[in-house]
Amino acid sequence: KTRTHVNYEVKEDVAVIRMNDPTSKVNTLSVQMQNEMIEVFNEVLANDAVQSAVLISSKPGCFIAGADINMIQACNTSEEVTKLSQEGQKMFARIEKSPKPIVAAINGPCLGGGLEFAIACQYRVATKSKKTVLGTPEVMLGLLPGAGGTQRLPKMVGIPGAFDMMLTGRNIRADKAKKMGLVHQLVDPLGPGLKSPEERTIEYLEEVAIQCAKGIVNKKISLTKEKGMMQKVQDYVMGIEFVRQQIYKTVTAKVMKMSKGLYPAPLKIIESVKAGLEQGPDSGYLAEAQNFGKLAMTSESNALIGLYHGQVACKKNRFGVPERPVKNLAILGAGLMGAGIAQVTVDKGIHTVLKDTTVEGLSRGQQQVYKGLNDKTKKKTITSFERDFTLASLTGQLDYSGFEKADMVIEAVFEDLNIKHRVIKEVEAVIPPHCIFATNTSALPIKDIAAASIRPEKVIGMHYFSPVDKMQLLEIITTDKTSKDTTASAVAVGLKQGKVIIVVGDGPGFYTTRCLAPMLAEAVRLLQEGVDPKKLDALTTGFGFPVGAATLADEVGIDVAAHVAEDLGKAFGSRFGGGNVEVLKTMVEKGFKGRKSGKGCYVYTPGLKSKDVNPDIEDVLEKYKLTPNPLVSSDSDVQYRLVSRFVNEAVMCLQEGILNGPVEGDIGAVFGLGFPPCLGGPFRFVDTFGANKLVEKMRRYEEVYGNHFTPCQLLLDHAKDSSKRFHK
Amino acid sequence: SQRMLKQTLFNLLKKTLAKPGVKNIVLVEGVRTPFLLSGTTYADLMPHDLARAALQGLLHKTSLPKDAVDYIIYGTVIQEVKTSNVAREASLGAGFSDKIPSHTVTMACISSNVAMTTGVGLITAGQCDTIVAGGVEFMSDVPIRHSRKMRKTMLALNRAKTLGQRLSLIGSIRMAHLTPELPAVAEFSTAETMGHSADRLAAAFGVTRLEQDEFALRSHTLAKQAQDAGLLSDVISFKVPGRDTVAKDNGIRPSSMEQLAKLKPAFIKPHGTVTAANSSFLTDGASAVLIMSEEKALAMGYKPKAYLRDFVFVSQDPKDQLLLGPAYGTPKVLARAGLTMDDIDVFEFHEAFAGQIMANLKALDSDWFAQTYMGRKVKVGAPAMEKFNLWGGSLSLGHPFGATGCRLVTTVAHRLLKEGGQYGLVAACAAGGQGHAMVIEAYPQ
């Protein structure tokens, strides 16, 4: 039987074990990969001509991206998953105890199970390539490193370092990994030579790794590193049980504060590490395997894995390759959004024009782009030269010169239909026929904006989220007239900008703003009913929202919220009621526009992280005071009043065809609006929580508040038939 | 047979690269100070002192009247701020007429090549007939600056009007202000040191440590032979004020492969291949050449040594192709001159690192590289080693950055005379990912 995933050749006395999953762009520790690996490992051990081994990937851009998630998802019980974990543990234990030293030669991502494999090897060499990252991202999938990671990492990088890696799941670059003691040696990526840089770099990595393997065998390289003074002190300190207990306590408290206890994985990670350190390896490995099994069966893990798959799906262009790539992009309006869009565009090899109407506005925007890049320079992710070189692709201007070369124009001017109409006419007079006109609006229907266009097939909505460089989501809105190529082009630009993209139908508030509006209306009503902003925030974050409802209103801007509430209120009628729009309007009149004006629900003092409730809103709320109904005002009811309106609106968007499917609905809600990731998005939430239970609650609220809580037909359908699910 | 006939015909035809309507430009003479390891006998001088020595050597050797030059151009890399136009200070100090304009150029290790080609340009344009070009580098002393913070404070102190302002500025000085700023040995655009890049380049082309050490040993061995045989006739002796007279390069050290193998890698540790012994060393030195239009040289009664013919400057990616100038420049200049590799009798390539030389030779000999990176159909091939850097090179003779170009050109001329060849080719790499190549034709003797 021929092997397809793992093979080896013997170079002198070193076995070079090469991994390559022929069915995928990345290597994963699939069943096939594992089986062949064990087979090869046995052969290498049995081969007398072999003294040592090098483990390397034949894929230029990837070592091992992780375990095969499908393998875990195919399990039905926690026992099955625990068994998977134990098999992995066993395999890596054999690697760790191998009498023939094994050198892991790492180029590209070395994540999750891949990292656990690498740290079971005796020695690690990694390329300094930007693509080479090491990490344990399991926590982001609601899992833990289940193949010995929780046991080996603390020994390798120390307890604090291991917790940091496993609890944040962050990627660690090769140079940092070397400093942490995660890898032993670094290899520089090579440029052009007698082969392509990628090919030759891997070859070089292999050559160096072979030298290391030989060095270990002939004792030129020692595996027990001479410990430095700091290391000795640290080891001594960590040897004290009291210190370790303090660390567990501190870390647990931090996790509880950050996760509000809504995510089980971090706690299980702490538990597994603790079991190993306090009760010995047998208990540790057992705890790891059992906890891994338990976590795999949690709804949180299911939700997070769903988001992961959704994110991968939303990083593809389902509209195909556009006829011509966008090489010149012009942005109108150098405000926060416009400059933010420029910032994520200019470093992607796209020549970017940033146009504003005033020198002041323009220079503020240019400074924002500069600062964004310069911060990267300070963090050393790019050099000052790369910053300058990137900025050379940005042109700031006040006129329309050069627009005849633009392939796409994104307008980010003030949210006013008349202004947008004026702009579209001005622009269409100067751009070439193929140029796409994209409008960055958060609520104005695209067809209304396109009404002023002489070529509506080239008009599309691109709704970015603020701050553009931090928020991953891009909501693209198409009208009936938008051409497929226009959509393909907009998606292609968004993907280049690094965005996760949902493409939705046109309508007031599209998808995201439309879901947010009823929730904010409910939040205003709660404020009117006397719920303090801090309490409101605590209840929403307690439900899993990363930002509380009151804070969110301040971040979005009270004026924007008022604008949206009024516009969507008109479009959707009384269903969007709840809180009185006058509350928001009065706040705006008083200058409480949210964070940007220094005051909103809270008072913001520059430089201070903590914030107090704005005492002056009491008068406003007093004026519009409502009496709460005790039947629907418990803490839990407050949470579900907010969430059910959000979720119902999301389901209605699917029902009306605004959404293409539940996956995009979940991704949009989580990445654009901060819907609790542990719930996986509104659709997964309905599946998990039960549509009937949600409808039951909504009916109760409906009795008090009327149609604000009337469940939509699709939700009712799901409530009636429990076999109906949004996700398989 | 037919092939021989073809060859004979070709030899007859290739006699000269003169082009109709283009002035013939000749190298009349070339000299240099001995190249010394920095920090040795020249340690107390200033850069223009070395340049003066070279200029005086040239005057002495050519008996050129001190006012018979139209223009003087010098190349340098690390500038002494007091003599930023080192060409002017050196020419005045060397006794040239103060009526001769002079300027300084810089293009890293090919600075004096730029000085020479600038002169060629002035003659071709009909602006000048007689040019002195040269280069100087002085690494025994480099400008070490105060930190930017300190400089800012000191400049503000200059402008401070009251005692109070002055005191408050002085009071603002912290320990961090006192950290000095050394001239960076790293490429500005990539922050990578040249040795590091050379090591990566060698690895990219699969150049082994053994190949590098062998080439380094060859360079030192050949340099020693040339020195002992008195072939390095461009070297003038120089009475260093307060010190001895220096008459020889002092970096030539033929060693053994065993000795070379003992060295640890200098840049990429522990698996790198570039060591101190297979790299060029920090050097003090200056060079000068006399370039004239052929008519003028003959009119003044000189017997020129060589024609300076076609030349090119090339540049590429400063990160991954920092030192590949010769690989890019050679095919280009050969094409300009209508020559092939086989036509060249004398090669003088600048040896920055043994690994860099070997990488360039491999690049020249690779069809894949020619096709993928140079847009050529086929390779031009590597130079024959029996024609290559036969009197040593930068690895052994030393490499004063700004001065090496003139040494290469003068050496080609001298080797053509000695060996009886027709064409020579100079090629060099430079920081910034740049490079230069020039074809030199023997002057009929």
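**Entry 1. A helix pair in chain A**

I began with K371(A), which is partly exposed at 48% relative accessibility. My cut-offs are under 20% relative accessible area for buried, over 50% for exposed and partly exposed in between, with a 1.4 Å probe and protein chains only. The model is predicted, so local features need pLDDT of at least 70 and side-chain atom pairs count only at pLDDT 80 or more, while totals for chains, interfaces and linings use all residues; side-chain values use heavy atoms, with hydrogens and water left out. Residues are numbered from 1 along each chain as its sequence is written, chains are lettered from A and ligands numbered from 1 in the order in which they are written.

I then looked for the partner of K371(A) and found D375(A), with 3.2 Å between the closest N and O atoms of this salt bridge. The term stands for a side-chain nitrogen of Lys or Arg within 4 Å of a carboxyl oxygen of Asp or Glu. Both residues belong to helix α15 (residues 359-378) of chain A and are four residues apart, about one turn of the helix. Helices (H or I, at least four residues) and strands (E, at least two) are DSSP runs, numbered from the N terminus. D375(A) is also partly exposed, at 27% relative accessibility.

**Entry 2. Other salt bridges**

I searched the whole structure and noted 62 salt bridges over all chains.

In chain B, I picked R52(B) and D49(B), whose closest N and O atoms are 3.0 Å apart. The two sit three residues apart in helix α2 (residues 47-62) of chain B, about one turn of the helix. Here R52(B) is partly exposed at 24%, whereas D49(B) is buried at 14%.

Back in chain A, I noted a salt bridge between K599(A) and D616(A), 3.8 Å from N to O. This pair links distant parts of the chain, 17 residues apart: K599(A) is in the loop between α24 (581-589) and β20 (602-603), and D616(A) is in the loop between β21 (612-613) and α25 (617-623). K599(A) has a relative accessible area of 30% and is partly exposed; D616(A), at 32%, is partly exposed too.

I also recorded a network of salt bridges that links E522(A), R525(A), E529(A), R641(A) and R645(A).

**Entry 3. UniProt records on chain A**

I checked the unreviewed UniProt entry, which lists residues 329-506 of chain A as "domain: 3-hydroxyacyl-CoA dehydrogenase NAD binding". UniProt positions are in the numbering used here, feature names are shortened, and annotations may be inferred rather than shown by experiment. Over that range I read 39% helix and 22% strand, with the end C-alpha atoms 24 Å apart.

The unreviewed entry also annotates E475(A) as "active site". I located E475(A) in strand β18 (residues 473-478) of chain A. Is E475(A) buried or exposed? E475(A) is buried, because its relative accessible area is 0%. Leaving aside neighbours within four places in sequence, its contacts (heavy atoms within 4.5 Å) include H463(A), F465(A), I502(A) and Y511(A). The backbone nitrogen of Y511(A) is 2.9 Å from a polar atom of the E475(A) side chain.

**Entry 4. Strand β8 of chain B**

I went through strand β8 (residues 283-293) of chain B and found eleven of eleven residues buried, so the strand is largely enclosed by the rest of the structure. Both faces are covered, with V289(B) and I291(B) among the buried residues on one side and L290(B) and M292(B) among those on the other.

Which strands did I find joined to β8(B)? Strand β1 (residues 25-32) of chain B runs antiparallel to β8(B) with seven bridges, and V31(B) stands opposite A288(B). Strand β5 (residues 130-137) is antiparallel too, with eight bridges; there A133(B) faces V289(B). Strand β2 (residues 36-37) adds two antiparallel bridges, with L37(B) partnering T283(B). Pairing takes at least two DSSP bridges between two strands.

**Entry 5. Nonpolar cores**

In soluble globular proteins, nonpolar side chains tend to be buried together. I therefore looked up sets of buried Ala, Val, Leu, Ile, Met, Phe, Trp, Tyr and Cys residues joined through side-chain atoms within 4.5 Å, each set being a nonpolar core.

The largest has 99 residues, and those with the most contacts inside it include V409(A), Y511(A), V651(A) and L715(A). Helix α26 (residues 635-655) of chain A gives the largest share of this core, eleven residues. Not counting residues up to four places away in sequence, V651(A) touches F683(A), V686(A), C712(A), L714(A), L715(A) and F726(A). I noted a second, separate core of 67 residues, with F41(A), I119(A), L182(A) and I270(A) among them.

Note on methods. Polar contact = N/O pair within 3.5 Å; in protein donor to acceptor, adjacent residues only side chain to side chain.
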